[in-house]
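Reader: I've just opened this one and I'm new to it. Could you walk me through it in questions and answers?

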2 protein chains.
Amino acid sequence: LDMQFAGYKKLRTPNNLKQIHTEHYASLIADLCLTSRILIEKECEELPLKSLVSGKEYFAYRRTTTSSTNLQTVRTSRPINKALYIRNNEEFASLIECFLQSNYEILSADTITQLLYTIAMSFCVANDVHKTGDKKTPATFFELFVAHLFARQFQAFPRKKIKVPSVENQNAELPTDIIFDLGMGKVKFHVPVKLSTRERVIQAWAHQRVLEGLWGTAEFKGLLIVLTETKLNLDKLEVVEICLPLQWAVYQRYIAHLDRVYYLDIPERYADLASTNPRIDVKPLGVFFGEKDILLAR
Amino acid sequence: LDMQFAGYKKLRTPNNLKQIHTEHYASLIADLCLTSRILIEKECEELPLKSLVSGKEYFAYRRTTTSSTNLQTVRTSRPINKALYIRNNEEFASLIECFLQSNYEILSADTITQLLYTIAMSFCVANDVHKTGDKKTPATFFELFVAHLFARQFQAFPRKKIKVPSVENQNAELPTDIIFDLGMGKVKFHVPVKLSTRERVIQAWAHQRVLEGLWGTAEFKGLLIVLTETKLNLDKLEVVEICLPLQWAVYQRYIAHLDRVYYLDIPERYADLASTNPRIDVKPLGVFFGEKDILLAR
């Protein structure tokens, strides 16, 4: 546990954040992931779950601790997608080399999605079984992980605020989701990151709308990145996926236009939005690495 | 406590919800408020707080309970604005008659704000000192309270969803904040309700934007209703107000136009937005009752 959180703290030190686009930062994430996997293997047992999500199977890890006064605490992780989570350590060890070297060309989109899903979930699951009700640490980790991935791909530094000039005040700044400015004449990206969306998803469209209001519709491409939409019923040990495709369609139609929504564990009902009107391109995150050039084109 | 939550449950029964615009519903709210005040008086002691909010003084109520195993639990309420909360029971008893009869003409805007602040806070405070960390009950109560107030003023029934017709589907519906449709040819209102706003406030502007996208800019007037923006530091017993006026200005400029923001405990930095560009009319809720006709005019 100590190692785990030392690793997490390292991700957030100012000196390391300055290197968020580097292989050094990738190695910090990989260390944290490998420590998490060791903790999970050593301390947890597998808990089968009943999946109510068509075509997907889930399980969880469960950790039981006994205090000095003999009180037992049982902590259950978030649901883990069987087809996406790589459990074999040798297989994972060779794949994480690709992550460290940012060498995605040799991998299929599906394998990239599995690799990135496994990295993200390892830490979240280890944190779930060690700290009850801590939602903030996994959310911050996931944002840093995504910021690293895209910073390295774009070779650009992520920012979290943007100038909001007005006639009366040229220097006002607004806090935002992650922003990538690739430089003079090049595309800019607005990258909101969420562990799951529910009703809060409207924020991604609303922030995109603010950016379009400030700089016009042609400046920022919006890429929403989400881990999963699963929800675990702890009493029944059942997993459901919470999706609101009608709401998304209304937001895409009336608030602003998001270029992509990338999921690590993509819900089928959102993937279907790519063939409806208005179209929303919801895809597995692994697909991004093969279509990056389309997004980089103006 | 039992009485208190019986009263809360009554507010939510389907039969009572159908009468949300009536004096009967007002009497349910008044009963709940009076029970809350008795509980507070009987069980709590006053806790002085240090206010870091210029021009405002705050205190809290604190309740200490001892379990059968002699473990002490101390629960502290949210901060209460001294100038707004009516502590004198006789004064309050005569004022609550105005609430029951919806007779606001004889009261000043300041007195109406005090009366409504006191009703809302009584229940929230009683709930705070009985249930640790329960944010949902006060939020639901406050939404029902505001829905009642406006339903009675507008003589219209609140709705929580709206038709979203498209060429392909005429009957799709979208869940929304409270909507009032005053009938053929009359104004419609969109009334988001929040205990406090922080970063979630963007949802109010984004939903307004969706309504403007669906029905044009002239159909729905947006009235955002908020209780307070105070935050209590429990270690230092200090109260601060969290305000993000620059963000609000950007939302009002680029997302949509809200006609009013009404507060029960209004932050000065938001009130100032009524004289900036873009203008946002942020006012104490008591003012609404005197300017209702302006809002009802097309």
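Reader: How many of the 10 residues of helix H8 of chain B are buried?
Author: This is a predicted model, so keep that in mind throughout. Helix H8(B) spans residues 245–254 and is mostly covered. The buried residues are Gln247(B), Trp248(B), Ala249(B), Val250(B), Tyr251(B), Gln252(B) and Tyr254(B). Out of 10 residues, the buried count is 7.

Reader: Which elements of chain A do the buried residues of H8(B) pack against?
Author: Part of the packing comes from chain B itself, through H7, strand E13 (260–263), helix H9 (268–271) and strand E14 (282–284). The rest comes from across the interface, and the chain A elements there are E7 and H7.

Reader: And over in chain A, which elements of chain B help cover the buried residues of H8(A)?
Author: H8(A) is mostly covered too, with 7 of its 10 residues buried. Among those buried residues are Trp248(A), Tyr251(A) and Tyr254(A). Chain A's own cover includes helix H7 (202–215), E13, helix H9 (268–271) and E14. From chain B, the cover includes strand E7 (173–181) and helix H7 (202–215).

Reader: What area do chain A and chain B bury between them?
Author: The contact takes 23 residues from chain A and 23 residues from chain B. Of the buried area, 71% is on carbon and sulfur atoms. On chain A's part, Arg209(A), Leu246(A) and Tyr254(A) supply 26% of what that chain buries against chain B, more than any other three residues. The area buried between the two chains is about 2100 Å².

Reader: Which element gives the most to the side of chain A that touches chain B?
Author: Across this interface the rule finds 0 salt bridges, and 2 residue pairs are in polar contact. Strand E7 (173–181), H7 and H8 of chain A each supply at least two residues of chain A's side. With 8 residues, the element that gives the most is H7(A).

Reader: How do the residues on that side of chain A divide into nonpolar, polar and charged?
Author: Think of the side of chain A that touches chain B as three groups. The polar group has 5 residues and the charged group has 5. The nonpolar group has 13.

Reader: Which strands does E13 of chain A pair with?
Author: One partner runs parallel over 4 bridges, and there Val226(A) has Tyr263(A) as its bridge partner. The other partner is also parallel, joined by 3 bridges, and there Val261(A) is matched with Val282(A). Those partners are E10(A) and E14(A).

Reader: Are the faces of E13(A) covered or uncovered?
Author: On one side sit Arg260(A) and Tyr262(A), and on the other Val261(A) and Tyr263(A). All four are buried, so by the under 20% cut-off for relative accessible area they fall on the buried side. Both faces of E13(A) are covered.

Reader: Which are the edge strands of the open sheet E2-E12-E11 in chain A?
Author: The sheet has 3 strands and the pairing is mixed. E11(A) and E12(A) run antiparallel, joined by 4 bridges, with Lys231(A) opposite Val240(A). Each edge strand pairs on one side only, and the edges are E2(A) and E11(A).

Reader: How far apart in sequence are Lys56(A) and Glu241(A), which meet in a salt bridge?
Author: Their side chains meet at 2.5 Å, N to O. Lys56(A) counts as buried at 15% relative accessibility, and Glu241(A) is buried at 13%. Lys56(A) sits in the loop between E2 and E3, and Glu241(A) in strand E12, so the pair links distant parts of the chain. Their separation is 185 residues.

Reader: Is Glu57(B), the salt bridge partner of Lys82(B), buried or exposed?
Author: The two side chains meet at 3.8 Å, N to O. The pair ties together parts that are 25 residues apart in sequence. Lys82(B) is partly exposed, with a relative accessible area of 43%. At 51% relative accessibility, Glu57(B) counts as exposed.

Reader: How many salt bridges does a search of the whole structure find?
Author: Some of them share partners, joining Arg159(A), Asp181(A), Lys188(A), Glu219(A) and Arg298(A) into one network. Over all chains, the total is 34.

Methods
Residues numbered from 1 in each chain as written. Chains lettered and ligands numbered in written order. Predicted model: local features only at pLDDT ≥ 70, side-chain atom pairs only at ≥ 80, totals over all residues. Heavy atoms only, no water. Buried < 20%, exposed > 50% of the residue type's maximum accessible area, 1.4 Å probe, protein only. Pairing = 2+ DSSP bridges. Contact = heavy atoms within 4.5 Å. Buried area = accessible area lost by both parts, 1.4 Å probe. Salt bridge = Lys/Arg side-chain N within 4 Å of Asp/Glu carboxyl O. Polar contact = N/O pair within 3.5 Å; in protein donor to acceptor, adjacent residues only side chain to side chain. Nonpolar A, V, L, I, M, F, W, Y, C, P; charged D, E, K, R; others polar.
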